[in-house]
Amino acid sequence: MARSSGSTGPTLAVVAREAGVSVPTASKVVNGREDVAPETRRRVTEVLDRLGYIRRPRCETPKPAAMVDLVVHSLDSAWSGAVLHGAAEAAHEAGLEVVVSAAATRGRGGPSEHGWPDKLYARGSSGVLFHLTELAPAQYSWLDERRIPFVMIDPAHDPPPGVPSVAAANWQGGMAATEHLIALGHRRIAVIGGLGRAVRDGGRVAGYRSAMAAAALPVPSAYVRYGDITEAGARHRMAELLDLPEPPTAVFVCSDQMVPGVYQAAGERGLRVPRDISVVGFDDLPQARWITPALTTVRQPLSEMAAAALRTLLRLMTGETPEAIRTELSTRLMVRSSTAPPLRALL
């Protein structure tokens, strides 16, 4: 709510700054919303009275629903679709509206190309969910300076201390994928990660290493490779693995998005999945069921992660402390047709 037309009194932005809250929070107090912590309401009310803020009669405009932004890297990815589904359902239950923005970034979370910071601030969003690799330091500072609550969904890199995030149990998933291959009888198992510096991929590779160590199986350095989350990168890494004197009989691929490249590299050598080499992915994207053979993969609960992030954001928006700064949701192995016991000739 802005000040009354023709009024010379303070704006709501001035009130918010004096009270040390965001503009959306100050607006909630002015409009009598109940989803504000008592201490926050008291502080804002004192500033309203002290500065002589002029409230509009409620009949002038209908009270809008609270709004949150969901900022994703791209609108045309399977990951974004699952995240939007979970966030939208949770927001509907909470009586919130969700505005979705695509914010392609340069490099490691560099400045946005589409100006999402200015857009979400102009809309007066009550909070933001980010499904991006990470944010740049300047973007974290921008959000903090304006006291805009936000939560990260599945960040590839660890956010700064105190920034709430929701992610999958990547170590657990990597271990389950590798244990499945070991149980089938594979002993020469390789891994192709995505981003080598990413904490997310590091957790999946660490789970692989833990399962191999628990089974007393060696992990040659040549068996651990990174394919930059692209089909082309994975195809090259898989070709390198197949050129080894002792190529693996199975490979754990840390993202379903890379699996077509792995299949292609195997096919170029005349190898068939899973007869000649078994493949396990991670994510359980829709393509995991459509690809031939259907992919055994680790299901990452993206929709559930987005819903959990929305609930955490709600607590922040009302001035409450989140139950946990980092929340991890369990993964689940989905066994399909891309894994089988190794041929004796390959052992």
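These numbered points are a reading note on a predicted model of a single chain, meant for someone meeting the structure for the first time.

1. Overall make-up. The model is a prediction, and its chain is divided into 12 helices and 12 strands. Of the 347 residues in the chain, 52% count as buried. Where contacts join residues at least 6 apart in sequence, 71% of them connect residues at least 24 apart.

2. The open sheet. Six strands form an open sheet in the order 2-1-3-4-5-11, and their pairing is parallel. Strand 2 (97–102) and strand 11 (326–329) are the edge strands, each of them pairing on one side only. From one strand to the next the twist averages 20 degrees. As general background, the strands of a sheet pair through backbone hydrogen bonds, either parallel or antiparallel.

3. Strands 3 and 4, and the helix across them. Within this sheet, strand 3 and strand 4 run parallel and are joined by three bridges, and V128 stands opposite F150 in strand 4. Helix 12 (residues 302–317) lies across strand 1, strand 3, strand 4, strand 5 (165–168) and strand 11, and it runs at about 165 degrees to strand 4.

4. Which residues of helix 5 are buried, and where do they lie around the helix? In helix 5, which spans residues 116–123, the buried residues are W116, P117 and L120. Seen down the helix axis, these buried residues fall within an arc of 100 degrees, so they line one face of helix 5. The general geometry is worth recalling here: an α-helix has 3.6 residues a turn, so residues three or four places apart point the same way. On the other side of helix 5, D118 and A122 are exposed.

5. The surroundings of helix 5. The cover over the buried residues of helix 5 includes strand 1 (67–72), strand 3 (127–131) and helix 6 (137–145). Just after helix 5 comes G124, which takes a positive phi of about 75 degrees.

6. Aromatic pairs, beginning with F130 and F150. The count of aromatic pairs comes to three. In one of them, F130 and F150 meet edge-to-face, with 5.9 Å from centre to centre and 75 degrees between the planes. This pair links distant parts of the chain, since F130 is in strand 3 and F150 is in strand 4 (residues 150–153), 20 residues apart. F130 has a relative accessible area of 0% and is therefore buried, and F150, at 6% relative accessibility, likewise counts as buried. Ring pairs also bring Y140 into the picture, linking F130, Y140 and F150 into a cluster.

7. The pair of F252 and F282. These two residues form a tilted aromatic pair, with 6.5 Å from centre to centre and 45 degrees between the planes. Because F252 lies in strand 8 (residues 250–253) and F282 in strand 9 (residues 278–283), the pair ties together parts that are 30 residues apart in sequence. F252 counts as buried because its relative accessibility is 0%, and F282 counts as buried at 0% as well. A charged residue is placed here too, for R204 lies over the face of F282, at 3.8 Å from the ring centre.

8. Is S165 buried or exposed, and which residues does S165 touch? S165 is found in strand 5, and its relative accessible area of 3% makes it buried. Leaving aside residues up to four places away in sequence, S165 touches V151, M152, P155, P159, I325, R326 and T327.

9. T40 in helix 3. T40 lies in helix 3, which covers residues 38–51. The relative accessible area of T40 is 13%, and T40 is therefore buried, the cut-off being under 20%. When residues up to four places away in sequence are not counted, T40 touches V21 and T25. The C-alpha atoms of T40 and V29 are separated by 8.7 Å, while the two residues are 11 residues apart along the chain.

Definitions and conventions:
Residues numbered from 1 in each chain as written. Predicted model: local features only at pLDDT ≥ 70, side-chain atom pairs only at ≥ 80, totals over all residues. Heavy atoms only, no water. Buried < 20%, exposed > 50% of the residue type's maximum accessible area, 1.4 Å probe, protein only. Helix = DSSP H or I, 4+ residues; strand = E, 2+ residues; numbered from the N terminus. Arc of directions from axis to C-beta. Contact = heavy atoms within 4.5 Å. Phe/Tyr/Trp six-rings, centres within 6.5 Å; stacked < 30°, edge-to-face > 60°. Lys NZ or Arg CZ within 6 Å of the ring centre and 35° of its normal. Pairing = 2+ DSSP bridges. Axes fitted to C-alpha atoms, helices over the stretch in contact; angles between N-to-C directions.
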